[in-house]
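Open the model in your viewer and keep the selection tool at hand, because this tour moves from one selection to the next. Take a moment to turn the structure around before you begin.

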Amino acid sequence: MSEREHDETTRPAVSRPRPAPPASPAASLRKELPAEVPVSASAPAAEDVPQERPEPGPTGRQRLVAGLWPPRVTRAQLIVALLLFGLGFGLAVQVASNSDTDSALRGARQEDLVRILDELDDRTERLEDEKQGLEKQRDELENSSDQAEEARKQTIEKERQLGVLAGTVAAQGTGITMTIEDSKGTVEADMLLDAVQELRAAGAEAIQVNGVRVVAGTYLTDSGNGVGVDGNKITAPYRFKVIGKPQDLEPALNIPGGVVQTLEKEQATVTVERSTKIVVDALRAAKRPDYARSSSQ
């Protein structure tokens, strides 16, 4: 064996390094990414962390209640509310009054209803005549050649009329006489006052009771076994002398539930007589007012 061959057989075999295989694209990309952080056992999972939910907004009903309460009342709203309350109260009173009147008329007889209707027609006619008289006076003042003389005549006539109403002058004319017999002593002052008011409403122009003139300021009071009229005591029988239209005065006293029926319920006897001439001669002294003065210039 040659020396070269011997060296080759005795030299240990040396392996040549093999070239590394080319890196794959996924491996190179993974090296560029940051290392994965291991999930800690103590850290809660994402799905276990409670998420805050937005609070729901107020509903439409809650907003309405919040807008109405507590109420915010302004001065204008308060005034309007008071006016509406007054209007409603007045309407309620009017409806109640009409209901009472309707119920009273519903139970009345046919002849009573006819009488009431005639009375209303007479009142309307009387007011129409008064209106025409005033319009005639106005036309006379406007068309008269001597307006001063015409005004003086009308002033004198007006003074007489006011004197009759005030009780300072005597009066006479057609009317009625009403006599109330009270043997039981049950007639009181308020019953006679109702009679006076009913007569005035029916168009009475002058009233006299047992020699006492009844005027606008007359007051009636109970006085023992009688009645006081302006401080003058009178006793039964009570005799009313009334000047006015008999066709209006008598039906007003005899309406259902009126003066006559009320007095008869108290066991009093009432008689009403028509007359073509009634004299009212009881006078009242003219009283000068302490504070009131004429506002005409």
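Helices, of at least four residues, and strands, of at least two, are DSSP runs that are numbered from the N terminus. Bear in mind throughout that this is a predicted model.

Start with the whole chain in a cartoon view, where nine helices and eight strands can be found. Of its 297 residues, 22% count as buried, and the accessible surface comes to about 22,900 Å², with 54% of that area belonging to carbon and sulfur atoms.

Next, select residues 75–106, which make up helix α4 and include L91. If you show V80, L84, L87 and L91 together as a surface, you are looking at a nonpolar patch of about 390 Å².

Now turn to the sheet, in which five strands are arranged in the order β3-β2-β7-β1-β8, forming an open sheet with antiparallel pairing. Select 212–214 for β3 and 269–280 for β8 to see the edge strands, each of which pairs on one side only. Neighbouring strands of this sheet are turned against each other by 25° on average, with direction ignored.

To look at one pairing in detail, select residues 206–209 for β2 and residues 238–243 for β7, which run antiparallel to each other and are joined over four bridges. Here V209 stands opposite F240, a residue of β7. Then add residues 189–201, helix α7, which packs on the sheet and touches β1, β2, β3 and β7, while its direction makes about 10° with that of β7. Helix α8, residues 246–253, also packs on the sheet, where it touches β1, β7 and β8, and its direction makes about 20° with that of β1.

The last stops are in loops. Select A236 and P237, between which the peptide bond is cis, with omega near 0°; P237 lies in the loop that leads from β6 to β7.

Move on to D230, in the loop between β5 and β6, and then to Q267, in the loop between α9 and β8. D230 is not a glycine, yet it has a positive phi of about 55°, and Q267, not a glycine either, has a positive phi of about 65°. Is D230 buried or exposed? With a relative accessible area of 14%, D230 is buried, since the cut-off for buried is under 20%. Q267, in contrast, counts as exposed at 52% relative accessibility, because exposed means over 50%.

Conventions:
Residues are numbered from 1 along each chain as its sequence is written. This is a predicted model: local features need pLDDT of at least 70, side-chain atom pairs count only at pLDDT 80 or more; totals for chains, interfaces and linings use all residues. Side-chain values use heavy atoms; hydrogens and water are left out. Buried means under 20% relative accessible area, exposed over 50%, partly exposed in between (1.4 Å probe, protein chains only). Accessible areas come from the Shrake-Rupley method with a 1.4 Å probe; for residues, only the protein chains shown count as cover. Patches are made of residues with over 30% relative accessible area and no salt bridge: like charges are joined within 9 Å, nonpolar side chains (Val, Leu, Ile, Met, Phe, Trp, Tyr) within 5 Å. A salt bridge is a side-chain nitrogen of Lys or Arg within 4 Å of a carboxyl oxygen of Asp or Glu. Two strands pair if DSSP finds at least two bridges between them. Axes are lines fitted to C-alpha atoms, for helices over the stretch in contact, and angles run from 0 to 180 degrees between N-to-C directions. Contact means heavy atoms within 4.5 Å.
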